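Work through the exercises below with the sequence and the coordinates at hand. Each task is followed by a solution in steps.

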Amino acid sequence: AGFPTMGNRNRMEQDMRRKRAALAGVAALLLASPAMARVCAVSIDSTDQMTFTSKEIRIAADCTQVDLTLRHTGRLAATAMGHNWVLTRTADYQPVAMAGMRGTLADSYLPKNDPRVLAHTKVIGGGETTRVRFPTQRLRKGGDYTFFCSFPGHFAMMKGTLIFN
Ligand code: ZN
């Protein structure tokens with residue numbers, strides 16, 4: 001035994017390079033695999049009657065991302081009957097909604113950079129549509145989550161349950 005000869009060292013380096021290339025290939029496959037990344041699309045409508053059209057949104061446990069579409073099927077402007085879709089833990093929903101009442105339309109009637117806000121759309125008016133995509137990594141399976149509209153005065157009526165399981 002002794003120091004590897006120049007030939008041995010080259011062979012070892014080539015071997016390392018091959019192994020690294022093989023690992024990179026596996027990582028790329030995993031990222032591309034549909035089993036690893038599943039975007040689940042859900043949609044909900046909102047109205048001039050200050051309502052959401054569903055009280056419950058179900059997200060399957062294998063969804064890695066949620067792509068939520070919010071439509072406003074009414075005619076009233078965002079300043080009069082604006083709606084957004086905000087997701088928090090149920091325990092945080094009322095405090096966040098109350099804090100949002102002091103916010104502005106530009107801030108989606110939400111406290112700025114609040115970690116309690118798990119996802120939200122902007123506020124829209126009649127005839128408009130908006131979307132938000134967020135990772136389910138932020139959610140715990142079987143956790144207790146509430147979605148609501150943070151436009152001042154709407155959260156008591158415009159709310160529902162999000163189920164991730
Ligand atoms: Zn609203």
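The exercises cover aromatic pairs, a metal site, salt bridges and a disulfide.

The model is predicted, so local features need pLDDT of at least 70 and side-chain atom pairs count only at pLDDT 80 or more, while totals for chains, interfaces and linings use all residues. Residues are numbered from 1 along each chain as its sequence is written, and side-chain values use heavy atoms, with hydrogens and water left out.

**Exercise 1. Classify the ring pair of Trp85 and Phe147, and place both residues in the chain.**

Step 1. Rings of Phe, Tyr and Trp (its six-membered ring) pair if their centres lie within 6.5 Å; planes under 30 degrees apart count as stacked, over 60 as edge-to-face and the rest as tilted. The whole structure holds six aromatic pairs by this search.

Step 2. For Trp85 and Phe147 the centres are 5.9 Å apart and the planes differ by 25 degrees, and the pair is stacked.

Step 3. Helices (H or I, at least four residues) and strands (E, at least two) are DSSP runs, numbered from the N terminus. Trp85 is in the loop between helix H2 (78–81) and strand S4 (86–89) and Phe147 is in strand S7 (residues 145–148), so the contact ties together parts 62 residues apart in sequence.

Step 4. Trp85 and Phe147 are both buried, where buried means under 20% relative accessible area, exposed over 50% and partly exposed in between (1.4 Å probe, protein chains only). Together with Phe52 and Phe134, these two residues form one aromatic cluster.

**Exercise 2. Do the same for Tyr93 and Phe155.**

Step 1. The ring centres of Tyr93 and Phe155 are 5.9 Å apart and the planes stand at 80 degrees, so this pair is edge-to-face.

Step 2. Tyr93 belongs to helix H3 (residues 90–100) and Phe155 to the loop between S7 and strand S8 (159–164); the pair links distant parts of the chain, 62 residues apart.

Step 3. Tyr93 has 6% relative accessibility and therefore counts as buried. Phe155 counts as buried at 13%.

**Exercise 3. Which atoms coordinate the zinc ion, and what is the geometry of the site?**

Step 1. Donors are N, O and S atoms within 2.8 Å of the metal (3.2 Å for Na, K and Ca); water is not among the atoms, so sites may look incomplete.

Step 2. Gly82 (O), His83 (ND1), Cys149 (SG) and His154 (ND1) coordinate the zinc ion at 2.1 to 2.8 Å. Along the chain these donors have the spacing G-H-x65-C-x4-H.

Step 3. Four donors count as tetrahedral if all angles lie between 85 and 135 degrees; four count as square planar and six as octahedral if opposite donors are over 155 degrees apart and all others between 65 and 115; anything else is irregular. The angles among the four donor atoms run from 74 to 128 degrees, and the site is irregular.

Step 4. Of the donor residues, Cys149 and His154 are both buried, Cys149 with 0% relative accessibility.

**Exercise 4. Analyse the salt bridges of Arg71 and of Asp67.**

Step 1. A salt bridge is a side-chain nitrogen of Lys or Arg within 4 Å of a carboxyl oxygen of Asp or Glu. The count by this rule is eight salt bridges.

Step 2. Arg71 is bridged to Asp45, with 2.8 Å between the closest N and O atoms. Arg71 sits in strand S3 (residues 65–72) and Asp45 in strand S1 (residues 39–46), 26 residues apart. Arg71 is partly exposed at 35% relative accessibility, whereas Asp45 is buried at 18%.

Step 3. Asp67 forms a salt bridge with Arg131, the closest N and O atoms being 2.6 Å apart. Asp67 is in strand S3 and Arg131 in strand S6 (residues 129–135), so parts 64 residues apart in sequence are tied together.

Step 4. Asp67 also meets Arg133 in a salt bridge, at 3.3 Å from N to O. Arg133 lies in strand S6, 66 residues from Asp67.

Step 5. Asp67, Arg131 and Arg133 thus make up a network of salt bridges. In this network Asp67 is buried, at 8% relative accessible area, Arg131 is exposed at 54%, and Arg133 is partly exposed at 48%.

**Exercise 5. Find the disulfide and determine its handedness.**

Step 1. A disulfide is a pair of cysteine sulfur atoms within 2.5 Å. The search of the whole structure gives one disulfide.

Step 2. The disulfide joins Cys40 to Cys63, with 1.9 Å from S to S. The torsion about the S-S bond of Cys40 and Cys63 is about -90 degrees, so the disulfide is left-handed.

Step 3. Cys40 is in strand S1 and Cys63 in the loop between strand S2 (56–59) and S3, so the bond ties together parts 23 residues apart in sequence. Cys40 and Cys63 are both buried.
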